[in-house]
Amino acid sequence: MAQLFTPGADALYRLALMTGVACLVGLPVLAAGIVRSNYVTGVGIAPAQPLPFSHKHHSGELGIDCRYCHTTVEREATAGIPPTQTCMTCHTQIWTGSDMLKPVRDSYAQDKPLEWKRLNKLPQYVYYNHSVHVTKGIGCSTCHGDVTSMQMTYRANAFEMRFCLDCHRAPEKYVRAPDQVWNMTWTPPADQATLGPKLVAQNHIRGGERLTECGICHR
Amino acid sequence: MSGAVAGGPLIRPDETLQGIGGAVTAIPLTHPGNRRWWIAFAGAGALLGLFAVTLAYLLYAGPGIWANNNAVVWALDIASYDWWIGVASGSLLVSGILLLLGAEWRGAVNRVAETLALLATASAGLYPIIHLGRPWFFFWNLPYPNTYDLWPQFRSPLLWDAIDIVSFLVICVSLWFIGLLPDLATLRDRAFAEATRQADAKAPTRGRALLRAQVYGLFASGWRGSAAHWQIWVQAYQTVALLGVLLVVSVQTGASVMLAGSLMPGWHSTLLPVSFLVNAVYSGVGVTAVIVMLIRVVYGLDALVTPRHLDVLGRLLLCLGCASAYCYAAEAFDTVLSGDAQARAVLVRRLTGDHALVSWTAVLGLVLPAQILWSARARTAPLALAAVGLLVAVGAYADHVMVLVVTLTQDFLPSSRLPYTVDLWGIATFAGSVGLFLTLLLLFLRYLPAVSIVESRRLALAEAPAAQEEARAATSRAARPAENPVAAPLWGVSATFASQADLAAALQAVSGIGHDHARLDGHGPVPLPRTLRALGLEGRSILPYALAGALLGGAGFFALCVYATAYDYVFLIGGRPRLSWPSFVVPSISFAMMAGCVAIHLALLVLNRLPRLNHPAFNIPGFLRASDDRFFLSAEARGDRFDAARIERRLAGLPAEAGRPIEIRRIPR
């Protein structure tokens, strides 16, 4: 009797089986990798803005305080994007004829706001309040990275839920003394292990149980 | 089943191995009743189209299309899911128990029951997914490393259900496929014989015929009916059936404990899991009876599905009908006696309220029709049996609607007591899932053997005089080694026999030649337990693999629950302890069954060195009949000391009544 299949068919069949198994394992891994990649999360990618504003120059080199522009960060839910008038407090005096600053002057003259591309976004179903974080000792750089070193501004962290939960579960690892909140190059000091719990108690932060309740963020 | 069962023999006495193979494979190979099939398929396809339209609208508009903007938040969804999974559980339980009890007549029922279990699970499995508001996120219910840093809630029956349904599907596919494997080989060989005939006749359809044989061949995975294959196959089949039976209990109680554990009047009863299980098995047997009767009538399989089978199915339905009646009576008795006004009110609302029609359909459909089966004449009447089966299925659906809807409409908040009526889209969704089921069932009937060939053959060898006679008649011819020794390199020597007894005797005779230079094997159309001693395979067992797989899987899943819930994702919910071990046991058991099943499959393949599409054994002349009515001995050469002539002499010298082959051949590589 003749064979129904050639010997090569076996090799093909096994190859197909193994490919199937590899796909079963590999495709979810690939999908998970893509979802976490900077391509999707946008981490480290500086998009083109109406004009190339440099945080490094203004805040890092010139030493302008964060709150000079983001005025409501200590009092309101949003930190606030500065209006053109804030830019013009200085730029009516210096670099008044710069080509680079033409969009700012136009915006001022026509009374039309500059349309910056937003980098740090949260979904609608997440409640977030800047003031409570800042006043209880969570520094800017914990979420936004060292903005003072960014020539063009980019997203430093993907605001996935695990990023938030990491701190909400153990705030004592991230909480800072009040004078350190604006320090953009802050790293945990040597005594964070003792200082952290002390600050947590002092600021009435109830990490772990209370802060991981769903309704804390998803109101 | 003993002789006490009325209705004549289990198989017609003139059935032979070849006859059974021919009768069953004729359906997929020649498609009798083609026109009727196409009409039925068009109807099922239309329902499937309706399903597609409904799902598209559901995705567009959301689950509100089911008129569930009231306290009956699930509408018909959970009722349909419970009904489908009930049918699946019932069918799986029936086939599993028949297999484990070794009921020799099961061949006529098992294949249909296993197929129903698989297809009903497929229909059931869609429901939990489509009723999510955003079905494309269904995987959020599964434990996988996600960017939320969260685990699913292992204490929740919703997660148990997700694990249950995945395990259930795996076990159903597995049981169905293992049972089908040797039959696929029979189909492959018959299709190949037909393809060869067409190729010789230069028929215009010869290309398609060969392709058909190859497609069956791919799924048969190179099954050669070797004694070693059969040994593992029998064990694997039974072990997966055992896992399935255990899983059925876990799945059904899981689903019903969810309801019973709540404080809702009408659900909060320890009897609920029992009546769920009883009604599930009942509806499964009912639907199985309907489909078996349908196949029997349409394809004229009276010889294989005999009146005795009908009688057994009838008795089963009667028993379950009485059990169901007992459950209803006990529930009513318990409710009236318990003194809980809420529960009494639910009972009254069920029988006289807005949905009284549903309740009476349930009670009358489940309790009354089965009572005619006390009569032996009704039990052996196919039409009566099918009618009872259908009414039971309808009754079981009505029962689920009754249990869910009547309790939910009367919300604890009087302001939420909005009326619920079944709407068109709810019915369309269910009708569509029936369409999916029927479409797949019709495809199965057209392309795969509807009755187990192997089991029917085993039954014929045990009970049908014709099959036994055939084996004796063929041995009387004398055999001599073929005169023309092959010049090509030798793979081994083969010998052909008419019965397993001859094969076993011959194997015993040549086994002395030694395993060091010849690898002996037997091949046949049924399991070959009598050859195992001669082959030195006795005591080989798949159980350690199954046990290791199940234990590792179960322990692994339990450890995952403990790690996630007690350490990694501590989440205070309802004051439950961190280590809520009783609730971790349920999904762990389901997962253990699935892991054991996967381990069995791997063992089945690895121990049997399968898949192997091309094998020198297929070079044996007439080997196509190894899946039909012939038994083959193969002695594969191992090394230079292999002495073909000596084996041939030994085989030819055997006495005619104890192992002399019909034919001896040398097989080239």
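**Entry 1: chain A**

I began with chain A, for which I counted eleven helices and zero strands. Reading along the sequence, I noted the pattern α-α-α-α-α-α-α-α-α-α-α. I record here that the model is a predicted one.

I then looked up the overall dimensions. The C-alpha trace of chain A spans about 95 × 50 × 35 Å along its principal axes. The radius of gyration of chain A is 25 Å, whereas a compact globule of 219 residues would have one near 17 Å. I also looked up burial: of the 219 residues in chain A, 12% are buried. For the contacts in chain A with a separation of 6 or more, I noted that 72% are between residues 24 or more positions apart.

**Entry 2: chain B**

I turned to chain B and listed 21 helices and four strands. Its radius of gyration is 28 Å, close to the 26 Å expected from the globule rule for 669 residues, so I entered chain B as being as compact as a globular protein of that length. The C-alpha trace of chain B extends over about 95 × 60 × 50 Å along its principal axes.

For burial, I found that 50% of the 669 residues of chain B count as buried. I also looked at the contacts in chain B between residues at least 6 apart in sequence, and 85% of these join residues at least 24 apart.

**Entry 3: the contact between the chains**

I asked how many residues each chain brings to the contact. Chain A gives 17 residues and chain B gives 22 residues. On the side of chain A that touches chain B, I found that α1 (7-36) and α9 (161-169) of chain A each supply at least two residues. Helix α1(A) provides the largest share of that side, with six residues. Sorting that side of chain A by class, I obtained nine nonpolar, three polar and five charged residues.

**Entry 4: a helix pair in chain B**

Two packed helices are described by the angle between their axes and the distance between the axes. I looked up both for helix α5 (residues 157-200) and helix α20 (residues 581-607) of chain B: their axes come within 9 Å and cross at roughly 25°. Since angles under 35 degrees count as roughly parallel, I entered α5(B) and α20(B) as roughly parallel to each other. The crossing of the two helices, α5(B) and α20(B), is left-handed.

I next asked which residues of α5(B) and α20(B) meet. From α5(B) I listed B:L159, B:W160, B:I163, B:D164, B:V166, B:S167, B:V170, B:I171 and B:S174. Their counterparts in α20(B) are B:V586, B:P587, B:S590, B:F591, B:M593, B:M594, B:C597 and B:H601. By class, I recorded twelve nonpolar, four polar and one charged residues in the contact of α5(B) with α20(B).

**Entry 5: B:A71**

Finally, I located B:A71 in the loop that lies between α2 (34-61) and α3 (77-101) of chain B. I checked its surroundings and found 18 C-beta neighbours inside 10 Å, so B:A71 counts as partly exposed. Which residues are in contact with B:A71, leaving aside its neighbours within four places in sequence? I found B:L408, B:T409, B:D411, B:S416, B:R417 and B:L418. I also looked up B:A71 against B:D502, which is 431 residues apart from B:A71 along the chain, and their C-alpha atoms are separated by 70 Å.

Key. Residues are numbered from 1 along each chain as its sequence is written. Chains are lettered from A and ligands numbered from 1 in the order in which they are written. This is a predicted model: local features need pLDDT of at least 70, side-chain atom pairs count only at pLDDT 80 or more; totals for chains, interfaces and linings use all residues. Two residues are in contact if their C-beta atoms, placed from the backbone, lie within 7 Å. Ala, Val, Leu, Ile, Met, Phe, Trp, Tyr, Cys and Pro count as nonpolar, Asp, Glu, Lys and Arg as charged, and the others, Gly among them, as polar. The radius of gyration is taken over C-alpha atoms; the globule rule is 2.2 Å times the number of residues to the power 0.38. A residue is buried if 20 or more other C-beta atoms lie within 10 Å of its own, exposed if 12 or fewer, and partly exposed in between; C-beta atoms are placed from the backbone. Axes are lines fitted to C-alpha atoms, for helices over the stretch in contact, and angles run from 0 to 180 degrees between N-to-C directions. Angles under 35 degrees count as roughly parallel, over 145 as roughly antiparallel, 65 to 115 as roughly perpendicular and the rest as oblique. A crossing is left-handed if the near helix is turned anticlockwise from the far one by less than a right angle, and right-handed if clockwise.
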